[in-house]
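Q: Please take one part of this model and look at it closely. Then place that part among its surroundings, step by step.

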Amino acid sequence: MLDAGASRPSRASPRLGQPCAGCGPGQRRCPGRRRCRRPGRAQIRAMAAGRARVSRLLRQLQRAACRCPSHGHTYSQVPERPTPGNTDYAFEMAISNIRYGEGVTKEIGMDLQNLGARRVCLMTDKNLSKLPPVNAVLNSLAKYGINFQIYDNVRVEPTDQSFLDAIQFAKKGEFDAYVAVGGGSVIDTCKAANLYAASPSSEFLDYVNAPIGKGKPVTVPLKPLIAVPTTSGTGSETTGVAIFDFKELKVKTGIASRAIKPTLGIIDPLHTLSMPERIVANSGFDVLCHALESYTALPYNQRGPCPSNPIHRPAYQGSNPVSDVWALHALRIVAKYLKRAIRNPEDREARANMHLASAFAGIGFGNAGVHLCHGMSYPISGLVKTYKPKDYNVDHSLVPHGLSVVLTSPAVFAFTAQIHPERHLEAAEILGADIRTARIKDAGLILADTLRKFLFDLNVDDGLAAIGYSKADIPALVKGTLPQERVTKLSPRPQTEEDLSALFEASMKLY
């Protein structure tokens with residue numbers, strides 16, 4: 001018999017998932033008169049089996065999923081939850097309107113008429129001003145009675161001073177619309193001219209990326225800008241980024257804001273038919289690295305800090321499921337068509353597809369960003385000594401942007417592949433590597449070797465040494481990379497100054 005003060009098992013039903021007072025650890029049944037709602041071992045085993053069945057089903061669905069760019073496996077999955085800490089939890093996509101088609105340039109006059117434009121600035125460079133793409137634009141403007149002024153002093157690989165010259169022209173002209181006809185240099189210059197003409201009281205460094213400039217958000221309304229790319233590389237017709245050489249520091253930097261992206265990008269593959277071989281090659285290398293870097297960039301929900309206001313969310317946000325689609329699709333086009341486009345100027349299919357790939361990669365990296373190849377490329381271009389590339393009609397030393405980017409790519413991706421090696425291995429497979437027996441830990445070396453073979457087949461200079469650099473230049477190259485935090489922080493693997501030195505040294509010779 002129990003003492004009067006002894007406790008009895010509770011007769012009241014406990015809350016769901018809670019044992020009653022009589023339940024003890026490891027007991028199979030409740031000792032009380034009424035069964036509690038604590039799950040027994042059989043129920044636990046049943047629930048575990050159910051969870052296992054759900055997990056197996058999800059894996060089967062992923063393996064069976066369509067691999068096309070619109071529905072493909074890893075890039076169609078719901079994003080992971082944000083990591084702990086002050087990291088972002090959202091991403092957004094901002095791109096220009098795009099119009100594609102052979103001969104579509106003839107519609108520009110109608111576009112400007114539809115916009116009600118009365119005073120148009122047409123920007124290009126002196127070489128292009130004599131070529132068919134500019135003539136096509138001029139014919140359309142004349143046909144529809146558009147009043148315009150030409151600015152053809154754009155510098156190939158622009159500087160802060162060449163930006164300022166274009167800005168001064170735009171301020172004096174009081175234009176209500178802009179047309180940029182050229183490669184990334186022309187389109188970026190026109191973006192800057194439009195921005196500062198719309199904000200005449202701003203100082204030049206106000207909108208330049210920190211830490212070189214103040215990196216202020218753009219809050220003023222800009223005029224319409226129609227971009228007509230004539231190269232297949234920068235993707236500038238889709239992005240809110242304008243890059244220039246800051247001569248005082250001998251580094252490249254830029255302006256990055258969704259507000260400066262073109263209103264419309266006119267992608268007319270006819271304009272690519274007059275591009276010389278090495279310009280096609282170097283432009284294509286930019287597409288290649290845009291795709292590779294944006295796909296392997298730090299995921300958006302691991303980038304910090306989380307902005308306190310959406311206006312402060314950077315244009316380069318980190319890899320995300322939408323940018324992944326465009327990056328991978330662009331990479332597949334590069335793998336199939338770049339060599340053909342370089343070797344045969346009459347291959348209209350190849351050149352048209354590379355023109356599209358440039359825009360596709362632009363949509364990807366314009367929102368995800370790039371990382372080490374681009375961050376390291378800026379001092380490579382800025383510290384150029386005497387190198388003058390074939391097929392570029394310029395009066396100054398120049399390392400083309402695409403070349404400066406791709407020369408470090410084998411070393412960079414061997415370095416970054418420790419993080420997300422499966423993405424690096426996937427990229428290698430797209431570029432032609434046989435990965436059937438590959439080990440995941442070898443992903444970086446496999447992608448690096450695949451890139452070296454790709455570049456060797458296209459007669460690319462044998463590393464930084466071939467364009468005038470030596471080991472003695474490495475400290476200056478590292479110093480020039482450090483201010484590029486806007487992009488280097490998007491590397492999936494953090495890097496020290498010693499890491500950067502090693503990457504530059506490994507890039508001195510490729511083959």
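A: **The hairpin and its surroundings**

Strands S6 and S7 form a hairpin, with four residues between them. Lys250 sits in the turn and has a positive phi of about 55°. The model is predicted, and every value here is computed from it.

Start with the pairing. S6 and S7 (residues 251–256) run antiparallel and share six bridges. One of the contacts can be named: Asp245 has Lys252 in S7 as its bridge partner.

Next, the two faces of S6. In a regular strand, side chains alternate between the two faces of the sheet. Val241, Ile243 and Asp245 point one way from S6. Ala242, Phe244 and Phe246 point the other way. Are these residues buried or exposed? Both sets are buried. S6 is therefore mostly covered, because six of its six residues fall under the 20% limit for relative accessible area. Asp245 is thus both buried and bridged to Lys252.

**What lies across from the turn**

Lys250 also has a neighbour from far along the chain. Ala476 is 226 residues away in sequence, yet the C-alpha to C-alpha distance is 9.7 Å. Ala476 belongs to helix H14 (residues 474–481). Ala476 is partly exposed because its relative accessible area is 38%, between the 20% and 50% limits.

How is the rest of H14 arranged? Ile474, Leu477, Val478, Gly480 and Thr481 are its buried residues. They lie on the same side of H14 because they cover an arc of only 160° around the axis. An α-helix has 3.6 residues a turn, so residues three or four places apart point the same way. The face of H14 turned away from the buried side carries Pro475 and Lys479, which are exposed.

**S6 and the largest pocket**

S6 also contributes to a pocket lining. The largest pocket has a volume of about 860 Å³. It is lined by 43 residues, and the closest to its centre are Val156, Gly183, Gly184, Ser185 and Thr231. Which elements give two or more residues to this lining? They are helix H5 (184–198), strand S6 (241–246), helix H6 (277–296), helix H9 (372–382) and helix H10 (401–406). H6 gives the largest share, five residues. By class, the lining holds 18 nonpolar, 19 polar and six charged residues.

**S7 and the second pocket**

The second largest pocket has a volume of about 750 Å³. Of its 28 lining residues, Gly215, Ala256, His312, Arg313 and Pro314 are the closest to the centre. Ala256 ties this pocket back to the hairpin, since S7 covers residues 251–256. The class counts for this lining are 15 nonpolar, five polar and eight charged residues.

**Loops beside the lining helices**

Now follow the loops that join the helices named above. Two of them hold cis peptide bonds. One joins Ala210 and Pro211, with omega about 10°. Pro211 is in the loop between H5 and strand S5 (225–229). Another cis bond runs from Gly304 to Pro305, with omega near -5°. Pro305 falls in the loop between H6 and helix H7 (321–343).

Positive phi angles also turn up beyond Lys250. Asp391 has phi near 80°, and the residue is not a glycine. Asp391 lies in the loop between H9 and H10. Asp391 counts as partly exposed because its relative accessibility is 31%. His420 is another non-glycine residue with positive phi, near 55°. It sits in the loop between helix H11 (409–416) and helix H12 (421–430). His420 is partly exposed too, at a relative accessible area of 28%.

**A last check on cysteines**

How many disulfides does the structure hold? Zero. Take Cys121: the nearest cysteine sulfur belongs to Cys190 and is 5.6 Å away. A disulfide needs the sulfur atoms within 2.5 Å, so Cys121 is in no disulfide. Cys121 counts as buried because its relative accessibility is 0%.

Back to the hairpin, then. S6 is buried on both faces and gives at least two residues to the lining of the largest pocket. S7 pairs with S6 over six bridges. The turn carries Lys250 with its positive phi, 9.7 Å from Ala476 by C-alpha distance.

Key
Residues are numbered from 1 along each chain as its sequence is written. This is a predicted model: local features need pLDDT of at least 70, side-chain atom pairs count only at pLDDT 80 or more; totals for chains, interfaces and linings use all residues. Side-chain values use heavy atoms; hydrogens and water are left out. On a 1 Å grid over the protein atoms alone, a cavity is a set of points where a 1.4 Å probe fits but cannot get out, and a pocket is an open set with protein on both sides within 12 Å along at least five of seven lines; lining residues have an atom within 4 Å of a point. Grid points are joined across faces, edges and corners, and a volume is the space filled by probe spheres set on the points. Ala, Val, Leu, Ile, Met, Phe, Trp, Tyr, Cys and Pro count as nonpolar, Asp, Glu, Lys and Arg as charged, and the others, Gly among them, as polar. Buried means under 20% relative accessible area, exposed over 50%, partly exposed in between (1.4 Å probe, protein chains only). Two strands pair if DSSP finds at least two bridges between them. The arc is that of the directions from the helix axis to the C-beta atoms.
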